[in-house]
Amino acid sequence: MTIETNVHRESRLAKLKTLQEQGYNPYPYRFKPDAFAADLQEKYKDLEAGVDTQDYVTIAGRAMAVRNNGMFIDVKDMSGKIQAFCHKNHLSEEGLERLKSLDVGDIVGIYGYVRRTPRGELSIAAEKFDIISKSLQTLPEKFHGLTDVEARYRQRYVDFIMNDDSRETFKKRCQITSAIRRWFEEHNFLEVETPILHTIMGGASAKPFITHHNTLDMDLYLRVAPELFLKRLVVGGFDRVFEIGRNFRNEGIDKNHNPEFTALEAYQAYADYNDMADLFADMIPYVAEKVLGTKIIKFGEEEIDLSKGFARKSIIDLCKEYAGIDLLAAQTVDEAKAMAKSVGVDADDCSCWGKVVQAVFDEKVEAHLIQPTLVMDMPRDISPLAKTHRSNPRLVEHFDAYIGGMEIGCAYSELSNPLEQEERFEAQVAEREAGDDEAQMLDEDFVVALENGLPPTGGMGMGIDRLAILLTGAATIRDVIAFPTLRKKD
């Protein structure tokens, strides 16, 4: 490995050597702070300017600014920032000597008493000063760090050091996951884990990543969805299960897509997609309130009140509303394509009626669904795992959930008839053989599982990254993933 060097790094290496020659280790095994910046700022918020206390604390964090040859240091820890005051009247000779080797970006440990300077800055008057991780890289200027988007994602650790907004967005994303988990646990769901390596690609229509197991000499697929394993658990008697985990889809990258992403899936026995609609309407505002303290969010210029629940509209009615065509009146795929063409949608490559409906929806409807909307009753021929709609055999009991013009999740009345499921799989296999590499495969063991009896079941899935986009106001999925997938630097 070759690390680019420059005059700044050479200077830091020289300071590191000086510390080591003095017999000092700037990379100790441990350091134990007993106070955090935000807690100190709150505790001493009423301390008057110019007042010293007798309260001694130990803090640790990154030196973000160094002034007056180290007399004043802005120290940033996980909670916030506080100033260290390193004066020769307080600091030992060893500490003063060590201070000469300090650079912005070093991680420091400081012991001293709490005071507020005459200018009103809460500070730690240092009596001991340690460098506990000597930084060999120069931090970027704040402006550069904020605007160089490529560098932000490629060196995300620097982005988190420099940009409080990035840190706060990622912190909220973690809190979103925790709140989701709490909601499901409070509703008696059992959190489970299912395989990531699959012998058969299934559970969603997507192009998979393929890997190889050397010992077994067999190709495996990174999971595109955990659905088929979770429903096996319901067959096994676990009536309420959920999983939060990584899925992998070999697809393009844009503001709403990353090849690996975090998804939630949950299944409830003795329920249908109407129960899952109620679940969405309850769970999402719960998460928003836990993380943001409110159920009303701003998304771009729009205000969205999550407490009002979701409007429920069929995909056919939405296409009527926004495209002016009734696709249910089309009896063949060619008739549907002609309807789509009449409103400016190119559906020539669509192999079935349902894909034409989806194409019209994507182009003419999706962007309008700003307020929470459940797009109900999807075409049967593009939803192989949902029950046939109880009032129209061309449709299934499947909805997609939209907020902010973005799909955030979906739900089904799960197909429990093993014979119908096998028939649906075979139709998908035919699609694959015709060239659709996103169509699902025949999972014979899953059909056998259904033959053991799957109770009436409602299932739902949701992209946690997309919910994080919504609740943090992020511009892209890459802002809510710590380390998004990027092209090679070259």
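**Helix packing and nonpolar cores**

Me: In this predicted model, what covers the buried residues of helix 8?

Reply: The cover includes strand 10 (240–248), strand 11 (260–269), strand 19 (406–413) and strand 20 (457–463), together with helix 13 (418–433) and helix 14 (444–451).

Me: Which residues of helix 8 are called buried, and what makes a residue buried?

Reply: A residue is buried when its relative accessible area is under 20%, and in helix 8 (residues 227–235) this applies to E227, L228, L230, K231, R232 and V234. After helix 8 comes G237, whose phi is positive, near 105°.

Me: Why are helix 7 and helix 9 called oblique to each other?

Reply: Helix 7 (residues 164–186) and helix 9 pack at an angle of about 135°, with their axes 9 Å apart. Roughly perpendicular covers 65 to 115 degrees and roughly antiparallel begins over 145, so an angle of about 135° falls in neither class and the pair is oblique. The crossing of helix 7 past helix 9 is right-handed, and among the residues making the contact are I176, I180 and F184 of helix 7 and L279, M283 and Y286 of helix 9. By class, the residues of this contact divide into 11 nonpolar, one polar and five charged.

Me: What makes a set of residues a nonpolar core, and which residues have the most contacts inside the largest one?

Reply: Its members must be buried residues of the nonpolar kinds listed for a core, joined through side-chain atoms within 4.5 Å. The largest such core has 47 residues, and I180, F184, M283 and M460 have the most contacts inside it. Helix 9 (residues 273–292) gives the most to this core, with 11 residues. Apart from it lies another core, of 42 residues, including V234, V356, M378 and Y412.

Note on methods:
Residues numbered from 1 in each chain as written. Predicted model: local features only at pLDDT ≥ 70, side-chain atom pairs only at ≥ 80, totals over all residues. Heavy atoms only, no water. Buried < 20%, exposed > 50% of the residue type's maximum accessible area, 1.4 Å probe, protein only. Helix = DSSP H or I, 4+ residues; strand = E, 2+ residues; numbered from the N terminus. Axes fitted to C-alpha atoms, helices over the stretch in contact; angles between N-to-C directions. Parallel < 35°, antiparallel > 145°, perpendicular 65-115°, else oblique. Left-handed = near helix turned anticlockwise from the far one by under 90°. Contact = heavy atoms within 4.5 Å. Nonpolar A, V, L, I, M, F, W, Y, C, P; charged D, E, K, R; others polar.
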